[in-house]
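Welcome, and thanks for opening the viewer. Let's walk through this model together, one selection at a time.

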Amino acid sequence: MTPFSAVFFKHALVHPDGTPANDLIGWIYFFMPLVGIAANIPAGIMADKLQLGRHLITFFCFAVAIFTLLTGMSGDCFTNDWPLETKFAWMFAAVMAYYMFSMPIVPTVDGETMTHLNRIGQHDDYGKIRVFGTFGWSVACIIMGLILHVDYHLPIIYYASSVAFLVLGIVSLRGLNFKKKSPLAHIPWDHLKKDRLFVLFLGFSLISGILWSASFLYTSYFFDDVLDSPFEMGLVFGTWTVFEVPVMLFSRQLIQKLGNRWLIIFGLLLNGIRLVLFSLFTIDTPFMWKWAAASLQGAGFGMLHLGTIDFIDRRSHEHMKSTYMNLASLVRFTLASAVAGKMGAWIITTYGAEHLMMVTGVGSLILIFFFATFVKGNGPGQGR
């Protein structure tokens with residue numbers, strides 16, 4: 001759903017003259033992550049203190065299934081004759097609701113995963129579990145590209161996502177015990193208050209998140225101009241993770257040899273190069289060049305994400321895994337995406353989508369020096 005959302009908004013929210021309502025799209029992307037503030041921190045605290053992480057994940061999946069369905073309906077053919085303001089109001093409400101419940105899912109899953117891995121002494125093997133998410137992303141994007149290529153009915157993006165989250169909710173019900181009361185855990189807030197390095201990391205995450213979100217939110221918008229078909233878009237989105245797979249599978253070796261410091265630096269470098277190359281593309285650029293540049297996403301995101309999770313896990317207290325993960329997600333995705341949504345819309349409207357790719361790419365490269373100077377992270381061989 002996420003990689004195709006911008007092109008859905010682009011074709012669903014249009015002015016009477018047929019031009020995309022970029023100002024309204026920008027407002028959606030501005031407020032969309034902000035609603036996550038109301039969910040991320042409470043979800044993290046509840047998961048840690050009440051030990052209800054798995055229960056929360058199940059509830060969130062069912063809620064997201066409902067509101068993604070309503071989002072797709074807001075852009076379906078029966079709303080074509082509606083005034084733009086009416087269609088926007090429905091879409092805005094539905095998107096805000098699904099984002100409120102979807103934002104805490106990933107950090108809560110990461111928190112539960114790291115708690116389990118630390119319990120069994122395999123904290124460096126996070127990537128071996130996360131790689132299944134990579135496979136799922138690839139398959140889903142390629143299938144969605146094929147579906148849209150056959151029938152360019154964009155609400156299908158959200159209808160399919162609704163079914164997927166419904167299935168996830170049903171699957172996650174397995175093994176839950178709603179009668180058992182978990183003991184309350186003590187959350188050591190002093191650990192967070194004294195963790196100044198983590199505060200610096202949150203500052204870095206905010207800037208990094210703004211650059212990443214501004215480019216990612218509007219990638220499908222940009223691809224709609226430079227790729228020939230929805231199938232090509234789905235193929236690029238689905239296969240740009242190819243180099244993320246070895247990064248995740250060999251996560252233990254990479255963490256031991258590079259530490260989270262160099263994983264994050266290399267991730268920023270590859271992402272910056274990718275976006276700068278994107279800015280040079282036109283509709284006439286050979287597809288293989290576009291795919292080759294896009295493939296840097298896999299290794300870049302994989303290294304940055306793996307390094308980030310390792311850094312957060314090292315800094316967090318054993319009873320604050322979900323709280324730390326949700327707090328980092330709040331800054332890295334929620335607050336950052338709010339700024340990025342409006343910033344990206346403004347740059348696209350004023351200069352064009354290709355300039356957005358260039359600005360975020362160069363910004364990612366510059367951010368390397370900020371991280372290396374102020375945050376530094378953990379080098380290879382540094383213990384926990």
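**First stop: a buried charge pair**

Start by selecting D313, which counts as buried at 2% relative accessibility. Keep in mind as you look around that this is a predicted model. Now add K321 to the selection: the side chains of D313 and K321 meet in a salt bridge, with 2.7 Å from N to O. K321 is buried as well, because its relative accessible area is 6% and the cut-off for buried is under 20%.

**Other salt bridges**

How many salt bridges does a search of the whole structure find? The search gives eight. As general background, side chains of opposite charge can pair when their charged atoms come close.

Next, select K10 and D224. These two form a salt bridge, and their closest N and O atoms are 2.9 Å apart. The pair ties together distant parts of the chain: K10 sits in helix α1 (residues 5-12) and D224 in helix α11 (residues 219-226), 214 residues apart. Is K10 buried or exposed? K10 is buried, with a relative accessible area of 9%, whereas D224 is partly exposed at 23%.

Now select E244 and R130. The closest N and O atoms of this salt bridge are 3.5 Å apart. Here too, distant parts of the chain are linked, with E244 in helix α13 (residues 244-249), R130 in helix α7 (residues 126-150), and their positions 114 residues apart. E244 is buried, with a relative accessible area of 3%.

**Zoom out to the whole chain**

Clear the selection and switch to a cartoon view. You should see 18 helices and zero strands. Along the principal axes, the C-alpha atoms fill a box of roughly 60 × 50 × 30 Å. A compact globule with 384 residues would have a radius of gyration near 21 Å, and the 20 Å of this protein agrees with that.

Switch to a surface view next. The accessible surface comes to about 16,700 Å², and carbon and sulfur atoms account for 70% of that area. Buried residues make up 54% of the 384 residues. If you display contacts with a sequence separation of 6 or more, residues 24 or more positions apart account for 84% of them.

**Inside: two nonpolar cores**

In soluble globular proteins, nonpolar side chains tend to be buried together. To see this model's largest nonpolar core, which has 56 residues, select F9, L13, I28, M32, Y218, F223 and F278, the members that touch the most others. Which helix supplies the largest share of this core? That is helix α5 (residues 84-102), with seven residues.

Centre the view on F223. Leaving aside residues up to four places away in sequence, F223 touches M233, V236, F237 and F278. Then move to a second, separate core of 34 residues, whose members include L117, F204, L306 and F311.

**Outside: a nonpolar patch**

Return to the surface and colour W262, F266, L269, I273, L277, L280, M358, V362 and I366. Together they form a nonpolar patch with about 730 Å² of accessible area. Helices α14 (251-279) and α18 (353-375) each supply at least two residues of the patch, and α14 gives the most, with five.

Pick out I366 from this group, in helix α18. I366 is exposed because its relative accessible area is 54%, and exposed means over 50%.

**Last stops: V242 and K376**

Select V242, in the loop between α12 (230-239) and α13. V242 is partly exposed, with a relative accessible area of 38%. Draw a distance from V242 to T108: the two are 134 residues apart in sequence and 26 Å apart in space, C-alpha to C-alpha.

Finally, go to K376, in the segment after α18. What is notable about the phi of K376? The phi of K376 is positive, about 70°, although K376 is not a glycine. For context, most residues other than glycine have a negative phi. K376 is partly exposed, with a relative accessible area of 45%.

Definitions and conventions: Residues are numbered from 1 along each chain as its sequence is written. This is a predicted model: local features need pLDDT of at least 70, side-chain atom pairs count only at pLDDT 80 or more; totals for chains, interfaces and linings use all residues. Side-chain values use heavy atoms; hydrogens and water are left out. Patches are made of residues with over 30% relative accessible area and no salt bridge: like charges are joined within 9 Å, nonpolar side chains (Val, Leu, Ile, Met, Phe, Trp, Tyr) within 5 Å. Accessible areas come from the Shrake-Rupley method with a 1.4 Å probe; for residues, only the protein chains shown count as cover. A salt bridge is a side-chain nitrogen of Lys or Arg within 4 Å of a carboxyl oxygen of Asp or Glu. Helices (H or I, at least four residues) and strands (E, at least two) are DSSP runs, numbered from the N terminus. Buried means under 20% relative accessible area, exposed over 50%, partly exposed in between (1.4 Å probe, protein chains only). The radius of gyration is taken over C-alpha atoms; the globule rule is 2.2 Å times the number of residues to the power 0.38. Contact means heavy atoms within 4.5 Å. A nonpolar core is a set of buried Ala, Val, Leu, Ile, Met, Phe, Trp, Tyr and Cys residues joined through side-chain atoms within 4.5 Å.
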